[in-house]
Amino acid sequence: MINVSQIKKGIVIDHAEAGHGFHIYKALHLDALSDPVVLLTNIPSKKMGVKDMIKIETDFELNMDVLGLIDPYVTVNFVRDGQVVAKQSLTLPREVTGIMQCKNPRCITNYEKVDAVHFYLVDEEKKIYRCEYCDAYTRFKPE
């Protein structure tokens with residue numbers, strides 16, 4: 001049994017697919033926080049078999065699009081005074097801006113400075129997006 005203390009104030013990212021926790025941690029730049037952050041991986045789960053979880057013991061502006069791209073089925077719990085005050089379930093974003101890079105080497109966004117490139121979801125099952133500039137399809141891959 002894993003025993004991690006309850007947080008008093010902050011955010012709990014729960015029900016992340018096993019293996020996604022570290023990608024979420026890196027993509028949200030949680031290493032830059034000076035407050036406690038706990039990354040739990042491969043936690044036994046009745047619902048999922050195993051899961052990852054992140055506890056952030058501070059108020060933090062989450063980028064829900066990045067979180068939804070990495071793992072669209074996570075649950076985000078907002079905690080105040082040791083109690084969950086709000087829960088948010090995510091879905092795959094229909095449109096993302098400034099997060100992805102076009103995979104087409106001929107796309108103008110790869111050789112000229114273009115701010116905030118938009119990508120539009122075209123295949124939810126395969127997580128494929130279309131570039132607004134060249135219409136090339138690309139899939140988000142966390143680093």
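This report walks through the nonpolar cores, one helix residue and a surface patch of a predicted model.

## Ground rules

Local features here need pLDDT of at least 70 and side-chain atom pairs count only at pLDDT 80 or more, while totals for chains, interfaces and linings use all residues. Residues are numbered from 1 along each chain as its sequence is written, and side-chain values use heavy atoms, with hydrogens and water left out.

## The main core

The largest nonpolar core (buried Ala, Val, Leu, Ile, Met, Phe, Trp, Tyr and Cys joined through side-chain atoms within 4.5 Å) has 28 residues, and I13, I24 and L67 touch the most other members. Buried means under 20% relative accessible area, exposed over 50%, and partly exposed in between (1.4 Å probe, protein chains only).

At least two residues each come from β1 (10–17), β3 (49–56), α2 (64–70), β7 (118–123) and β8 (128–131); helices (H or I, at least four residues) and strands (E, at least two) are DSSP runs, numbered from the N terminus. The top contributor is α2, with four residues. Domain 1 (10–89) and domain 2 (95–139) both chip in, so this core lies between them; the bounds come from an automatic or database domain assignment.

Apart from this core sits another one, of six residues, including I7, L40, I43 and M53.

## M64 in α2

M64 belongs to helix α2 and is partly exposed, at 23% relative accessible area. Skipping residues up to four places away in sequence, M64 touches V76, F78, Q88 and L90, where contact means heavy atoms within 4.5 Å.

## I108 outside

I108 sits in the loop between β6 (95–97) and β7, partly exposed at 32% relative accessible area.
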